[in-house]
Amino acid sequence: MNQKLDRISGLALILLAVYVIIHTLVTLPLGNHFHPGSGYVPLLLALLLAILGAIIFFKGTLDMPFSSVEWPGMIHVLVIMGCCVFSILAFERIGYRATTSIILLVLFGLIERLRIWQVLVLTFGFSFGSYWVFNSLLKVPLPQWSLF
Amino acid sequence: MVDTVSNLILGFSTAFTPINLLWACLGCFLGTVVGVLPGIGPLAGISLLLPVTFSIEPTGGLILLCGIYYGAMYGGSTTSILMRIPGEAASVMTCIDGYAMARKGEAGPALAISAIGSYVAGTVSVIALMFIAPPLARFALRFGPPEYFSLLIMGLIILGYMTGGSMAKNLAMIVLGLLIGLVGMDTMTGNFRFYYGFVALGDGVSVVPVAVGLFGLSEILATAGDPNRPQAIKTKLKDLIPTRDQFKRSAAPIGRGTILGFLIGIIPGSAHIISTFISYAIERRISKTPERFGKGAIEGVAGPESANNAASCGALVPMLALGVPTGPIPAVLLAALMVHGIDPGPLFITEHAVTFWGLIGSMYLGNFVLLLLNLPMIGVFVNFLRIPYQYLYPTILMFCLVGCYAVNYSVVDIGIMTVMGILGYFLKKFEYESAGVVLGVVLAPIIERSLRQSLAMSHGSYAIFFNRPISICFLLGALALIVVAIVSMLRKKEALWRAQLAKAEK
Amino acid sequence: MRTKMSKVLFVVALCVCVAGLSSAIGVAGEPYPERPIYVVAPFPPGGVCDLHARSLAAGLEPVLKVSVLVINKKGAGGAVGMQYATTRKPDGYTIMVALSSEPYLHEVDKLFGRKPVYTPDDFIPIARLSSDPLVITVHSGSQWKTAQEFIADAKKRPGKIDVGSAGMYSVMHVAHELFIRRAGIQLNHIPYTGGGPTLRALLGRHIDCAAFGPSVVIKQLKAGTVRPLVVLGDKRLASMPDVPTAKELGYDAEFYIWASVFALKGTPDNIVKKLRDAVKKAVQTKEFTTAMKNLKTPIQYLDQPDFIKFLEVDGKRSRQLIRDIGRIE
């Protein structure tokens with residue numbers, strides 16, 4: 001894993017471009033230069049991306065090795081991503097207030113370990129308060145789950 | 001000229017009736033609120049209040065709704081500066097230096113300059129709107145698909161030429177954004193592209209979740225677990241006001257941003273976002289200290305923020321003068337006029353003089369009210385940064401989530417934001433600029449559509465781009481830029497400038 | 001201390017969930033309506049659909065005595081919003097205002113070999129609010145003064161005249177396809193992304209003609225910027241009495257942009273009945289009638305039985321047209 005950073009990102013861009021090219025050729029009609037079809041512009045852009053990726057791969061000036069990058073606080077990163085995924089699954093099933101309450105309980109209570117009264121006040125204050133502002137005051141309908 | 005002055009007096013006398021004054025203030029206030037809150041931009045704000053205005057007389061109703069429109073434009077920069085959440089695509093550039101300033105304890109000056117810049121841009125644009133609306137609007141109509149295409153190509157070349165850092169990396173980000181922007185239904189044929197069975201992607205990837213993910217969410221991901229978390233910032237009262245030096249630095253960028261924004265704004269259907277990008281690029285290119293950009297340069301807030309406001313005002317020109325919408329928000333304003341029994345059309349200005357000039361009067365007034373409203377609010381807003389980070393970031397995360405959801409009531413948008421958050425997190429680690437991705441997402445559909453529409457118009461002949469006067473001007477401009485770039489590259493001046501930037505990045 | 005606290009938190013979170021669940025069960029048998037009603041509008045704010053939905057909401061509020069909220073859910077020519085509506089609970093608290101594309105969009109999905117995201121069977125027609133024939137319109141500076149001249153010229157140079165529309169398979173597109181098929185001409189189609197951009201293109205003379213709804217044409221007509229040629233309706237419009245219908249010219253081409261109210265399949269019959277009555281009253285309220293008058297859209301109310309008959313004829317026509325147009329590469 002002691003590759004230079006620009007090598008890795010350049011390669012990633014090339015791989016992405018190759019995938020787009022294959023996907024385009026398989027699924028989309030290309031048309032011709034005079035009457036471009038759905039796949040024409042994506043193919044063009046993917047080729048351009050591959051060229052740029054190659055330039056970055058060979059000419060990249062960022063010569064720090066990959067191992068020099070620090071990845072502090074992966075737990076936080078994973079938990080926050082988890083919260084996002086949870087909200088995708090839960091938002092329209094259990095409603096806005098329940099979803100936000102659970103996320104905030106986790107973040108304030110389990111991750112940040114605030115005092116219990118702070119956790120409860122902040123969590124329910126935020127989720128109910130923001131729901132009231134959006135739903136009742138501004139009439140932006142947020143998903144609700146009957147009474148909660 | 002005499003007519004305009006007498007009409008303006010009529011306008012002010014309409015705007016200054018107590019009831020209209022009240023509507024203007026109320027509109028500005030509500031606009032600021034919806035602008036500050038994520039997810040509900042001016043579009044939602046205006047559509048929400050549209051039924052309320054059914055019972056108000058038309059001029060008052062229009063004043064109220066326009067107040068929301070430009071009030072939201074003022075409010076939009078607040079979250080960009082304080083939380084790095086761009087409320088709309090056009091605030092992306094404000095995020096970069098605005099947030100950097102806030103982290104340096106200069107949130108006050110950043111907010112103040114963006115309010116003052118918006119005020120100047122708004123007022124100057126209204127003056128321009130007043131004097132040259134009809135001829136300008138007729139000129140703007142001559143922009144068809146070939147003109148858009150040439151304009152955007154020139155814009156991209158300007159950006160490619162002026163961006164700092166590694167040009168290949170910046171271009172790669174724009175191309176990546178362009179590819180993301182092509183997801184969804186191909187408007188020319190009805191084919192779905194790269195949609196993986198998600199019907200909600202049919203209209204393409206929306207810009208707000210992309211911008212919020214790349215900026216707001218990735219920032220939380222990078223800093224929440226960092227042992228050196230951002231400290232709470234206690235701002236002193238004297239730090240709230242921009243210094244004399246900051247004022248001096250901002251004056252010229254505000255002027256340039258205003259002109260640029262207004263000109264791009266009047267072109268219907270164009271992307272206002274490009275005016276903020278070009279403004280930022282110009283400021284960095286002509287700055288004597290380009291290395292300060294990205295690390296809290298006040299010019300990087302003043303220019304794009306003025307351009308953004310001038311563009312949103314310029315967008316009203318074709319709407320008021322010809323009755324054609326220039327974008328989603330003017331479309332709603334247009335609908336509001338129609339609901340009130342005013343036919344917005346080419347005869348609007350002559351037939352409904354009281355409404356038109358009353359609106360102009362109220363826009364002067366509204367911009368002033370907003371300045372008065374926003375400057376004292378800065379003192380309140382900066383307190384937000386006093387909150388310790390462990391309380392702050394879950395709240396910001398919530399703002400990101402609800403903001404993305406409320407745009408189109410779609411959890412798919414939260415998904416897009418999540419993916420973009422991860423992408424932004426890695427881009428930061430690998431030292432890429434994520435702003436280019438946002439630009440690409442906005443421009444991709446317009447560029448592709450205008451290319452294919454042009455070719456459909458010309459039955460497959462590329463000559464259409466060279467036969468039309470406006471289009472050929474842009475292409476020649478682009479060519480000239482390339483020549484200039486090559487010449488200056490040969491003269492080593494360019495290399496010097498890039499070396500200066502590169503040295504600063506080390 | 002820490003573990004104790006997380007236990008407490010867990011219990012609280014659990015209680016929250018249980019409370020929500022139990023209240024969700026307890027809603028059966030409540031009097032209707034006692035909560036806000038959502039109107040799904042599958043198009044962006046400011047368009048025909050949105051304006052109908054908002055005007056209807058303003059009219060329904062005093063009738064039903066609850067707040068009525070509009071949800072704009074745009075995307076893929078309306079398909080996204082309609083699919084979203086089908087995912088909501090059919091308890092009468094979600095209704096939909098849709099346009100003429102409702103009966104045929106799933107046919108487009110079939111053309112492309114996609115699984116339709118909804119079918120018209122997913123909705124119960126409640127009432128039609130308005131129905132306006134489309135008008136083939138050209139720029140006032142163009143050489144064609146009458147429909148006959150236009151058709152003669154188009155026959156002379158097939159595929160050389162540009163026609164714009166709000167997008168592939170949009171109402172505007174399907175309408176002009178019907179007209180050119182019946183008139184036996186060929187035009188060069190350039191899709192835009194909505195009625196507004198198409199109007200801009202016509203005024204800037206980037207396209208030669210397009211099929212607009214009359215409300216758009218009227219306000220430009222007064223300023224003399226456009227010239228309507230043919231009305232795709234069964235009789236001439238009161239607002240433009242000089243413009244002939246396609247029938248008068250000998251072409252059987254009728255196409256309407258209508259806005260109608262739908263409920264979700266599975267909504268209880270008694271609630272559907274209540275909704276029908278409420279919409280009937282709402283269209284007579286001052287809020288609704290003034291808004292429609294100002295939008296230059298005549299109210300063409302049809303109650304459920306008549307609307308279903310209308311929908312059958314209209315849907316059959318548009319679905320056939322989609323199959324005729326076919327897949328465009």
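A salt bridge is a side-chain nitrogen of Lys or Arg within 4 Å of a carboxyl oxygen of Asp or Glu. Keep that in mind for the first stop. The model on screen is predicted.

**Stop 1: chains A and B**

Select Asp6(A) and Lys169(B). These two residues form a salt bridge, and their closest N and O atoms are 2.9 Å apart. How many salt bridges does the rule find across the interface of chain A and chain B? The count there is one. Polar contacts can be looked for next: ten residue pairs are in polar contact across the interface of chain A and chain B, both residues of each pair being at pLDDT 80 or more.

Now colour the side of chain A that touches chain B. The elements of chain A that give two or more residues to that side are α1 (5–27), α2 (40–59), α3 (74–111) and α4 (116–137). Which of the elements provides the largest share? Select α3(A): the largest share, 18 residues, comes from this helix. Colouring by class splits the side of chain A that touches chain B into 50 nonpolar, 13 polar and five charged residues.

Then show both partners together. Chain A brings 68 residues to the contact, and chain B brings 60 residues. The size of an interface is often given as the accessible area lost when the parts come together. Between chain A and chain B the buried area is about 5400 Å², with 78% of it given by carbon and sulfur atoms.

**Stop 2: the two domains of chain A**

Hide chain B and stay on chain A. Select residues 5–68 for domain 1 of chain A and residues 74–137 for domain 2 of chain A, as the domain assignment gives them. The centres of these two domains of chain A, taken over C-alpha atoms, are 39 Å apart.

**Stop 3: the two domains of chain C**

Move to chain C. In the domain assignment, domain 1 of chain C is written as two stretches, 37–131 and 257–325, while domain 2 of chain C covers 135–231. Taken over C-alpha atoms, the centres of domain 1 and domain 2 of chain C are separated by 27 Å.

Look at where the two domains meet. Here 14 residues of domain 1 of chain C are in contact with eleven residues of domain 2 of chain C. The two domains of chain C bury about 1100 Å² between them, 80% of it on carbon and sulfur atoms. The rule finds zero salt bridges across this interface in chain C. Three residue pairs, both residues at pLDDT 80 or more, are in polar contact between domain 1 and domain 2 of chain C.

Select α4 (105–111) and α11 (304–325) of chain C. Each supplies at least two residues of the side of domain 1 of chain C that touches domain 2 of chain C. With four residues, α11(C) gives the most to that side of domain 1. By class, the side of domain 1 of chain C that touches domain 2 of chain C has nine nonpolar, three polar and two charged residues.

**Stop 4: Asn72(C)**

Zoom in on Asn72(C), which lies in strand β2 (residues 68–72) of chain C. Is Asn72(C) buried or exposed? Asn72(C) counts as buried because its relative accessibility is 10%, and buried means under 20%.

Show the side chain of Asn72(C). It reaches the backbone oxygen of Phe43(C) at 3.1 Å. The side chains of Asn72(C) and Asp50(C) are joined by a polar contact of 2.9 Å.

Finally, show chain B again. Leaving aside neighbours within four places in sequence, Asn72(C) is in contact with residues including Asn408(B), Tyr409(B), Pro44(C) and Arg54(C).

Technical notes: Residues numbered from 1 in each chain as written. Chains lettered and ligands numbered in written order. Predicted model: local features only at pLDDT ≥ 70, side-chain atom pairs only at ≥ 80, totals over all residues. Heavy atoms only, no water. Domains from an automatic or database assignment. Contact = heavy atoms within 4.5 Å. Buried area = accessible area lost by both parts, 1.4 Å probe. Polar contact = N/O pair within 3.5 Å; in protein donor to acceptor, adjacent residues only side chain to side chain. Nonpolar A, V, L, I, M, F, W, Y, C, P; charged D, E, K, R; others polar. Buried < 20%, exposed > 50% of the residue type's maximum accessible area, 1.4 Å probe, protein only.
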